[in-house]
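The exercises that follow ask you to read side-chain and strand arrangements from a structure and to reason through each one in steps. Have the sequence and the structure open while you work.

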Amino acid sequence: MFSPDQENISTTPASTKVPVKYGELIVLGYNGSLPNGDRGRRKSRFALCRRPKASGVKPSTVHVACTPQAAKAISNKDQHSISYTLSRAQTVVVEYTHDSNTDMFQIGRSTESPIDFVVTDTVPGSQQSHGGEGQTQTQSIQSTISRFACRIICQRSPPYTARIYAAGFDSSKNIFLGEKAAKWRTQDGQMDGLTTNGVLVMHPRHGFTQDSKPGVWREISVCGKVFTLRETRSAQQRGKMVGS
């Protein structure tokens, strides 16, 4: 993701007509345009700009087991929450509250309204077939992109730090991690986990320059921690935590 400095966007009071741009997301491999054209929230690049009103959320109350408060948090469409199913008899629900200091942007395959940037799989040419009248049809393949894949939280004030988190909130403002999902308690007693498809990141060595070299792939957790890769994409055993 590009930083505001790379496009030299002024953020002084005198330039209030120019929105503060946190950065941009770019879908690699399309040379600036999707095969069927950029349409609405499905496009090859997406600018993250400061919203008129803060849209971020942050962890708040934690409910253990299926208590009435936990059930209320899950069913309340005005309350963001993450549900960690430990067993049939025990679920931990973490409520999230509004954060006036951040903006949240969500990415995924779903076209539902909570998703700001819709990303779909790239189908190789060998898996495409041509139908009548020159139309291109694609074979049905299992997607590696989750419907609510991840969310990015940006600080609304300089230096506009952006952090990525696995999983996005659905239309009911909930995130559910089922029994089979990798999940654990941290040393401070908080819950964290990984999604089935996973959210992987890689920082090129030497930055985004002509001298760029592939870096090391890492995986991001639901709470934004950084880990080494799992043995397999959906393994229940997480990798080792590294500096974030």
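**Exercise 1. Decide whether Trp 184 and Phe 227 are buried or exposed, and then classify their ring pair.**

Solution. The model is a predicted one, and in it Trp 184 is buried, as is Phe 227. The next step is the geometry: the ring centres of Trp 184 and Phe 227 are 5.3 Å apart and their planes stand at 75 degrees, so the pair is edge-to-face, given that planes over 60 degrees apart count as edge-to-face. The last step is to place the two residues along the chain: Trp 184 belongs to strand S13 (residues 183-185) and Phe 227 to strand S17 (residues 226-227), so the pair ties together parts that are 43 residues apart in sequence. Trp 184 also has a charged neighbour, for the charged end of Arg 238 sits over its ring, 4.5 Å from the centre.

**Exercise 2. State how many aromatic pairs there are, and work through the pair of Tyr 96 and Phe 169.**

Solution. The count comes to five aromatic pairs. For Tyr 96 and Phe 169, the ring centres are 5.7 Å apart and the planes are at 70 degrees, so this pair is edge-to-face. The pair links distant parts of the chain, since Tyr 96 is in strand S5 (residues 90-99) while Phe 169 is in the loop between strand S11 (162-166) and strand S12 (174-177), 73 residues apart. To judge burial, compare each value with the cut-off of under 20% relative accessible area: Tyr 96 has 8% and is therefore buried, and Phe 169, at 1%, also counts as buried.

**Exercise 3. Find which residues are linked with Tyr 160 by ring pairs, and describe where Tyr 160 lies.**

Solution. Ring pairs link Tyr 160 with Tyr 22 and Phe 105 into a cluster. Tyr 160 is located in the loop between S10 and S11, and its relative accessible area of 10% makes it buried. Although Tyr 160 and Tyr 22 are 138 residues apart along the chain, their C-alpha atoms are separated by 6.3 Å.

**Exercise 4. Identify the residues with the most contacts inside the largest nonpolar core, and say which strand gives the most to this core.**

Solution. The largest nonpolar core has 35 residues, and those with the most contacts inside it are Leu 48, Ile 82 and Tyr 84. Several strands each supply at least two residues of this core, among them strand S1 (21-26), strand S2 (45-49) and strand S4 (80-87). S10 gives the most, with four residues. This fits a wider tendency, namely that in soluble globular proteins nonpolar side chains tend to be buried together.

**Exercise 5. Give the strand order of the open sheet of four strands, and explain why S7 and S11 each have one side without a neighbour.**

Solution. The order is S7-S6-S10-S11, with mixed pairing. Strand S7 (117-118) and S11 stand at the edges and each has a single partner strand, so one side of each is left without a neighbour in the sheet. Further in, S6 and S10 pair in the antiparallel sense over six bridges, and the bridge partner of Met 104 is Ile 153 in S10.

**Exercise 6. Determine how many disulfides there are, and examine Cys 154.**

Solution. The count comes to zero disulfides. For Cys 154, the nearest cysteine sulfur is that of Cys 49, 10.0 Å away, whereas a disulfide needs the sulfur atoms within 2.5 Å. Cys 154 counts as buried, at 0% relative accessibility, while Cys 223, at 25%, counts as partly exposed.

How values were computed
Residues are numbered from 1 along each chain as its sequence is written. This is a predicted model: local features need pLDDT of at least 70, side-chain atom pairs count only at pLDDT 80 or more; totals for chains, interfaces and linings use all residues. Side-chain values use heavy atoms; hydrogens and water are left out. Rings of Phe, Tyr and Trp (its six-membered ring) pair if their centres lie within 6.5 Å; planes under 30 degrees apart count as stacked, over 60 as edge-to-face and the rest as tilted. Buried means under 20% relative accessible area, exposed over 50%, partly exposed in between (1.4 Å probe, protein chains only). A charge sits over a ring if NZ of Lys or CZ of Arg is within 6 Å of the ring centre and within 35 degrees of the ring normal. A nonpolar core is a set of buried Ala, Val, Leu, Ile, Met, Phe, Trp, Tyr and Cys residues joined through side-chain atoms within 4.5 Å. Two strands pair if DSSP finds at least two bridges between them.
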